[in-house]
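Visitor: I should like to examine this model with a guide. Could we proceed by question and answer?

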Amino acid sequence: MKLQKNSKSRKTQTASDSKPKKAPKIRADKALLHPQSIKEVRRGHPWIIRDSYTAKFSKISPFIIGTDKKEEELALLIHDPTHPKIKARVWTFRKPFTDQVGLFNGTLRDRIYAAFEKRAVEKYLDNRQNVFLAFGEADFLPGLKILLLKDIMVFQYESFFWEKYREKLVSFSRKAFEKFYPQIKLKAIIREKRESSKSVHRKFISPKSFRPVKKIVIEEFDVAYEVFFDDLYDLGIYTDMSSIRQRLQGLFEKSRSVLNLYAYTGAFSLFALRCGAREVVSVDLSPEYLKKLDRNLKLNKELDPSKHLSVEQDVTKSLDKFCNDKKEFDLIVCDPPTVSSDKKKMTSALQKYTSLLPKMAKTLSPDGKMVVILNTHSIKKKKFEEHIKKIISENKVCKGLVLEKTLGLGGDCPALKIFPEGDYLKVIVLKKEK
Ligand SMILES: C[S@@+](CC[C@H](N)C(=O)[O-])C[C@H]1O[C@@H](n2cnc3c(N)ncnc32)[C@H](O)[C@@H]1O
């Protein structure tokens, strides 16, 4: 037998040469799941919710192999002991699970590439600079969303498991981005984690030399908006609404006067102006958000600010005033917070529509349309539709209003049938029939 040219003699071999390099063994402890979780996982649902069984999961095992009472292995889970509610999420059903743990990095890489490629094929970045490159469970990246804002990528951790894989995430995402979006030079990566239901924490993680910026300007459908990385809560624009705006473009283009209720920083208002509205009114309680709206308007020199009015007021009060003044709009967009409080009581968005919809109907022009939005997974699309139809049938002033179409998550933010918790956005378009 011939010796290979470069092969070393036994004597010159070093200790590290002598053993094949083995990746350090990653723990994947087996754990019995609650009977309800077993049922859900067998149906294909990706979450394991906190219960007396998850309390017994090994705190130091990053992966868990979920089993039933007979020790049948059901799924390989990524584990997040720090999450208050969702303790583990399904990574794969493909067996053997111990092999899948060893293959984790490769699978992660493939899933990131697949998600980025899907959006590149759809060309979402052709007309907007805010796009989800990966959308959590729907892209088989449980608890991880990857958002692109112009040239800054944001890893949104819903599961803190991902922090352990931060380096891999950065490396795979950078390479996938270079491959599928060679036209954009990525400047930096931020990781964002929710600290509580009220606040988030953002940190620039790559490259280390990058000096953090507080804000940038992005464009969506030829409108510029400021995005704030130092805001404790939201970034200043909701990217999941972007594909809704796109799908409603025809409706906006036909509307001369638009009322935007719960306007926030004005994405729907500026979009309306861009689509040719002659009059746009934005209502929001928050002076800070309306200031941001104003700054956004100033950024867009081609939009005429004299066609826009900001009203800093409670939506109910402003609708009452419009009704008194017999003011009418061709299009009313209403996107209330999921729950609101007036110091005395909490009101859900669904309840809020009971009193708001009749007032909106009074303020609608004879052939006008309304876009009513509900932003929660806990109420199903069907229940929302039934509730809106019930309000219409019980209020004379709503007579003639009919459901024209419904929209939901889509495009760069897909939803999975098996996973209603991820399907939180419901949009109903109502039209007035004579
Ligand atoms: C979910 S955000 C709306 C997002 C907006 N539609 C968008 O896509 O850009 C809710 C907004 O409602 C405002 N808000 C909350 N309660 C309000 C009230 N009673 N009257 C007016 N605005 C209110 C908040 O200040 C916040 O800007």
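The exchange below concerns a predicted model.

Visitor: What share of the protein chain is buried?

Guide: The protein chain holds 12 helices and 21 strands, and its C-alpha trace spans about 95 × 50 × 40 Å along the principal axes. A residue counts as buried if 20 or more other C-beta atoms lie within 10 Å of its own. Among the 434 residues of the chain, the buried share is 39%.

Visitor: Of the contacts in the protein chain with a separation of 6 or more, what percentage joins residues 24 or more positions apart?

Guide: A contact requires C-beta atoms within 7 Å of each other. Counting contacts with a separation of 6 or more, residues 24 or more positions apart account for 63%.

Visitor: Which element gives the most residues to the side of domain 2 that touches domain 3?

Guide: The chain is divided into domain 1 (28–102), domain 2 (104–213) and domain 3 (220–432). The contact between domain 2 and domain 3 takes 20 residues from the former and 17 residues from the latter. On the domain 2 side, strands S6 (130–135), S7 (144–149) and S10 (200–206) are the elements giving two or more residues. The largest contribution, four residues, comes from S6.

Visitor: How do the residues on that side of domain 2 divide by character?

Guide: The C-alpha centres of domain 2 and domain 3 lie 28 Å apart. On the side of domain 2 that touches domain 3, the residues divide into five charged, five polar and 10 nonpolar.

Visitor: Why can the buried residues of helix H9 be said to line one face?

Guide: Helix H9 (residues 287–299) has 13 residues and reaches 18 Å from its first C-alpha to its last, close to the 18 Å expected. Its buried residues are Tyr289, Leu290, Lys292, Leu293, Asn296 and Leu297. Viewed down the axis of H9, these buried residues line one face because they fall within an arc of 155°.

Visitor: Which residues are exposed on the other side of H9?

Guide: The cover over the buried residues of H9 includes strand S12 (223–228), helix H8 (267–274), strand S14 (279–284) and strand S15 (308–312). On the other side of H9, the exposed residues are Pro287, Glu288 and Lys298.

Visitor: How many residues of the shell around the ligand are nonpolar?

Guide: The ligand is surrounded by 16 residues, the closest being Tyr262, Tyr264, Leu285, Ser286 and Asp335. H8 and S14 each supply at least two residues of this shell. Three of the shell residues are charged and two are polar, while the number of nonpolar residues is 11.

How values were computed: Residues numbered from 1 in each chain as written. Predicted model: local features only at pLDDT ≥ 70, side-chain atom pairs only at ≥ 80, totals over all residues. Expected span 1.5 Å × (residues − 1). Buried ≥ 20, exposed ≤ 12 C-beta atoms within 10 Å, placed from the backbone. Arc of directions from axis to C-beta. Contact = placed C-beta atoms within 7 Å. Near = placed C-beta within 6 Å. Nonpolar A, V, L, I, M, F, W, Y, C, P; charged D, E, K, R; others polar. Domains from an automatic or database assignment.
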